[in-house]
Amino acid sequence: MRRFRLWGIYLWASPASICGLILALPLLVLGAKLQHFDGVLEICAPSCCAQWIRRFGAITFGHVVIARDAKQMVALRAHERVHVRQYARWGILFFPLYLASSCWQLLNGRRFYRDNCFEREAYGDAPSSRSKR
Ligand SMILES: [Zn+2]
């Protein structure tokens with residue numbers, strides 16, 4: 001039964017994971033390092049691409065995490081795992097919900113990225129994440 005639930009979660013988040021794989025494909029062709037860690041596919045960009053993606057340390061799409069390099073992957077793993085759990089909860093709805101949250105923050109004079117409710121949870125700022133500690 002637990003295995004069924006686990007596969008259901010992977011299936012539910014798979015549209016986002018497929019987006020991540022498509023985005024990672026050029027990096028993989030150029031020599032990105034790929035590893036499976038704790039149920040998540042982690043892709044570290046090759047050094048030749050690190051400059052192109054220096055605006056972020058890592059980004060999550062479903063069960064695929066793309067990081068600028070191995071150092072960023074380790075440093076941001078806990079944060080990105082929160083996003084993996086958010087994808088598991090919301091599936092493909094995560095994309096519009098994330099965007100809606102960011103737009104809502106902007107409309108209310110707050111920061112697009114850092115005040116997004118999903119980022120606040122990932123950074124441990126949200127009330128729901130504090131109560132779980
Ligand atoms: Zn984040």
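## A buried aspartate before helix H4

Aspartate 115 is buried, having a relative accessible area of 12%. This value, like every other in this report, belongs to a predicted model. Along the chain, aspartate 115 sits in the loop that runs between helix H3 (94–107) and H4. When its neighbours within four places in sequence are set aside, aspartate 115 is in contact with Gln105, Arg110 and Arg120.

Cysteine 117 belongs to helix H4, and with a relative accessibility of 31% this cysteine counts as partly exposed. Between the C-alpha atoms of cysteine 117 and leucine 106, which are 11 residues apart along the chain, the separation is 12 Å.

## The zinc site

Which residues coordinate the zinc ion? The ion is held by His79 through NE2, by His83 through NE2, and by Glu119, which is listed twice with an OE atom, at 2.0 to 2.7 Å. Read along the chain, these donors follow the spacing H-x3-H-x35-E. Histidine 83 is part of helix H2 (residues 70–90) and glutamate 119 is part of helix H4 (residues 117–122), so this pair ties together parts of the chain that are 36 residues apart in sequence.

The angles among the four donor atoms of the zinc ion run from 53 to 152°, and the site is irregular. A tetrahedral site would need all of its angles to lie between 85 and 135 degrees. As for accessibility, histidine 83 and glutamate 119 are both buried.

## How helix H2 meets H1 and H3

Two packed helices are described by the angle between their axes and by the distance between those axes. For helix H1 (residues 2–29) and H2, the axes come within 8 Å and cross at roughly 105°, which makes H1 roughly perpendicular to H2. On the side of H1 the residues that meet H2 are Ile9, Trp12, Ala13 and Ala16, while H2 contributes Tyr87, Ala88, Arg89 and Trp90. By class, the residues of this contact between H1 and H2 divide into seven nonpolar, no polar and one charged.

Helix H2 also packs with H3, and here the axes come within 9 Å and cross at roughly 115°. The contact is formed by His83, Gln86, Tyr87 and Trp90 from H2, together with Phe94, Phe95 and Leu97 from H3. In this contact of H2 with H3 there are five nonpolar residues, two polar residues and no charged ones. Two residues of H2, Tyr87 and Trp90, appear in the contact with H1 and again in the contact with H3. His83, which takes part in the contact with H3, is also one of the residues that coordinate the zinc ion.

Another residue placed in helix H2 is glutamine 72. Leaving out neighbours within four places in sequence, glutamine 72 is in contact with Gly57 and Ala67. Glutamine 72 and alanine 58 are 14 residues apart in sequence, and their C-alpha atoms are 6.7 Å apart in space.

## Strand S2 and the loop before it

Is aspartate 38 buried or exposed? Aspartate 38 is exposed, with a relative accessible area of 65%, and its place is in the loop between strand S1 (33–37) and S2. The phi angle of aspartate 38 is near 55°, which is a positive value in a residue other than glycine.

Leucine 41 is found in strand S2 (residues 40–44), and at 22% relative accessibility this leucine counts as partly exposed. The cut-off for a buried residue is under 20%. Not counting residues up to four places away in sequence, leucine 41 touches Leu21, Leu34, Gln35, His36, His63, Val64 and Val65. Leucine 41 and threonine 60 are 19 residues apart along the chain, and their C-alpha atoms are separated by 9.9 Å.

Technical notes. Residues are numbered from 1 along each chain as its sequence is written. This is a predicted model: local features need pLDDT of at least 70, side-chain atom pairs count only at pLDDT 80 or more; totals for chains, interfaces and linings use all residues. Side-chain values use heavy atoms; hydrogens and water are left out. Donors are N, O and S atoms within 2.8 Å of the metal (3.2 Å for Na, K and Ca); water is not among the atoms, so sites may look incomplete. Four donors count as tetrahedral if all angles lie between 85 and 135 degrees; four count as square planar and six as octahedral if opposite donors are over 155 degrees apart and all others between 65 and 115; anything else is irregular. Helices (H or I, at least four residues) and strands (E, at least two) are DSSP runs, numbered from the N terminus. Buried means under 20% relative accessible area, exposed over 50%, partly exposed in between (1.4 Å probe, protein chains only). Axes are lines fitted to C-alpha atoms, for helices over the stretch in contact, and angles run from 0 to 180 degrees between N-to-C directions. Angles under 35 degrees count as roughly parallel, over 145 as roughly antiparallel, 65 to 115 as roughly perpendicular and the rest as oblique. Contact means heavy atoms within 4.5 Å. Ala, Val, Leu, Ile, Met, Phe, Trp, Tyr, Cys and Pro count as nonpolar, Asp, Glu, Lys and Arg as charged, and the others, Gly among them, as polar.
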